[in-house]
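Take a walk through this model, one piece at a time. Keep the structure in view as you read.

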Amino acid sequence: MTNSSGLPAKNIITKNKAREILWRKGNLAFKLDKTQKELYDFVKNNEKSILVIAASRRLGKSFLLLTMAYEECLKAPNRIVKYVAPTLKEVKKITDNLRKEFEKDIPKDLVPHYHTHYHTLIFPNGSEIHFGGTEGGRGERIRGTDAHLAIVDEAGFCNDLEYIVTSILFPLTSLTSGKIILASTPSTSIDHPFIKMLKEAELDGRFIKKTIFDNPRLSKERIDEIAEAVGGYDSTTFRREYLAEIITSEEDAIIPEFTKEVESQIVREHPRPPFFSAYTSMDIGGHDFTAILFAYYDFKNGLVVIEDELMFKKDTLSDDIAVGIKLKERELWGDGVSIFRFSDNNNIILLNDLGIKHDLFFVPSLKDNKEVALNDVRLKIKGRRIVINPRCTNLIKHLKSAVWSKNKKSFARSSEMGHYDFIDALIYLIRNINYNKNPYPDGFIDVSPNTDYNVPTHHTPQNSGNFEEFILHRIRRIKRF
């Protein structure tokens, strides 16, 4: 090969030779497309120790992650990389296919050997990639030697993610100043630790997101086909899996009707009417939280208005719960208001203490036909017949996040939100309201247009009416179960 002068070109090298040089330097960015390179640069240029990537399906996320793992092992001897996914079987499936891609152009003397017994990829220079899954408590097996890089692929679907990161991977990388990369599409449940870690990373400049529209290998026509195959651009699947949006699947959500649109309409302030029926509804925590809702029924407009909430940890004394309830009821409604209280009955000692010691009597709620009662809540939310004050932050979180367990017969358990106890408190509230009771006194003339009541919103006494017959009827029904 010669240059323009006809002399041999000393500084011109072939493409294959250039690739070999880059392989030997441990610089594999040439294998990445435009979007993968942007993610690569984000990781390389960010000084934070834990980085989070939300990535669309078909983006080549795992190829990028394994590329960075290979780089780490090639650039210096005796480097250790931890590569974790939800299951060991899934890790092997991912890496077996991708390793074949790397073997197409890697110099033969750099090819690593896969040790099947230890699930380890061993490089000729002594560096290693340790593969592991998090299923069935296997995360403990990730422990061992210090790591120079830790990767959690499909982090949004890993068991015990927060424990894996904070108690296992972070200590392994702390002495080496190694980075931890969490990459995934968003979890099915927005209560998964990955979502929490994603949001924290976003606030801290440690987060990056790429959607299917960032994929340079897919045409608009192909993206249209993918969207149609999963139910359209507005479907839950497309929005979560391909737009990397944080959204709960309708099949898994306990209250799928609580969409962003519905939330924007029912989470608001509501002018209190001059007469109303006040209710306190409680779900008693055993291993979880005790959740309490304070609400009233706006008879004129047919609205259940939830004004406030309280949440207590499982070991809270009955005296403290009683003080909290009394203060909240007085703060909301003042004195002289008849308040009807309902609760589950799984802690008779607490109910007796509240009644006998503190004059706070709760009627045990019916708990039969829970599916019917839950459907009633869902229909009222869908029909905008429930209004929630914005200060009810825990109730709003539970409505957004609550998902079914795998058997679809009980609520899943959350490390942050317990057993979604505010959903049960809401069920007890909705099933025990006396929707037929008219709190307005005889001779009352309503001059207020719609819901624009010209009355104070605090300490407004109401006409309590006669509610005793309803209570006695409820108690007689409960005794039959």
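Both faces of strand S7 are covered. On one side sit Lys-179, Ile-181 and Ala-183, on the other Ile-180, Leu-182 and Ser-184, and all are buried. The strand spans residues 179–184, and six of its six residues are buried. Keep in mind that this is a predicted model.

Which strands pair with S7? One is S1, residues 50–55, which pairs with S7 in the parallel sense. Five bridges hold that pairing. Within it, Ala-54 stands opposite Ser-184 of S7. Another partner is S6, residues 149–153. S6 and S7 also run parallel, and five bridges join them. Here Asp-153 has Ala-183 of S7 as its bridge partner.

Now follow the chain from S6 to S7. Helix H5, residues 161–174, belongs to this stretch. Together, S6, H5 and S7 form a β-α-β unit, and the unit is right-handed.

Step back to the whole chain. The chain has 481 residues, and 52% of them are buried. Its secondary structure comes to 15 helices and 14 strands. The accessible surface is about 23700 Å². Carbon and sulfur atoms account for 51% of that surface. How do contacts spread along the sequence? Take the contacts between residues at least 6 apart in sequence: 72% of them join residues at least 24 apart.

Next, look at the nonpolar interior. Which residues of the largest nonpolar core touch the most other members? They are Tyr-70, Tyr-83, Ile-129 and Phe-131, in a core of 41 residues. Several elements each supply at least two residues to this core. Among them are the strands S1, S6 and S7 met above. Helices H2 (34–45), H3 (61–74) and H4 (88–102) do so too, as do strands S2 (80–85) and S5 (128–133). H3 gives the most, with nine residues.

Phe-131 shows how this core is knit. Leave aside residues up to four places away in sequence. Phe-131 then touches Leu-66, Tyr-83, Leu-88, Val-91, Thr-95, Tyr-114, His-119 and Leu-121. Apart from this core lies another, of 39 residues. Its members include Leu-293, Phe-340, Leu-399 and Leu-426.

Two more buried residues are worth finding. Thr-290 is in strand S10, residues 290–298. Thr-290 counts as buried because its relative accessibility is 3%, under the 20% cut-off. Setting aside residues up to four places away, Thr-290 touches Met-282, Asp-283, Ile-284, Gly-285, Leu-310, Met-311 and Phe-312. Lys-328 lies in helix H10, residues 318–333. Is Lys-328 buried or exposed? Its relative accessibility is 13%, so Lys-328 counts as buried. Beyond its neighbours within four places in sequence, Lys-328 is in contact with Phe-294, Asp-308, Glu-309 and Leu-310. Leu-310 is a contact of Thr-290 and of Lys-328.

Finish with the charged pairs. How many salt bridges does a search of the whole structure find? The count is 40. One of them links Arg-24 and Glu-20, at 3.1 Å from N to O. Both residues lie in helix H1, residues 15–25. They are four residues apart, about one turn of the helix. Arg-24 counts as partly exposed, at 40% relative accessibility. Glu-20 is partly exposed as well, at 26%.

Glu-101 and Lys-104 make another salt bridge, with their closest N and O atoms 3.2 Å apart. Glu-101 is partly exposed, at 35% relative accessibility. Lys-104 is exposed, at 61%.

A further salt bridge joins Arg-272 and Glu-307, where the closest N and O atoms are 2.8 Å apart. Arg-272 lies in the loop between helix H9 (260–266) and strand S9 (277–283), and Glu-307 lies in strand S11 (residues 303–312), so the pair ties together parts that are 35 residues apart in sequence. Arg-272 and Glu-307 are both buried.

Some salt bridges share partners. Those bridges join Arg-57, Lys-61, Asp-153, Glu-154, Arg-240 and Glu-241 into one network. Asp-153 brings you back to the start: its bridge partner in S7 is Ala-183.

Definitions and conventions: Residues are numbered from 1 along each chain as its sequence is written. This is a predicted model: local features need pLDDT of at least 70, side-chain atom pairs count only at pLDDT 80 or more; totals for chains, interfaces and linings use all residues. Side-chain values use heavy atoms; hydrogens and water are left out. Buried means under 20% relative accessible area, exposed over 50%, partly exposed in between (1.4 Å probe, protein chains only). Two strands pair if DSSP finds at least two bridges between them. A crossover is right-handed if, with the strands pointing away from the viewer, the path from the first strand over the helix to the second runs clockwise. A salt bridge is a side-chain nitrogen of Lys or Arg within 4 Å of a carboxyl oxygen of Asp or Glu. Contact means heavy atoms within 4.5 Å. Accessible areas come from the Shrake-Rupley method with a 1.4 Å probe; for residues, only the protein chains shown count as cover. A nonpolar core is a set of buried Ala, Val, Leu, Ile, Met, Phe, Trp, Tyr and Cys residues joined through side-chain atoms within 4.5 Å.
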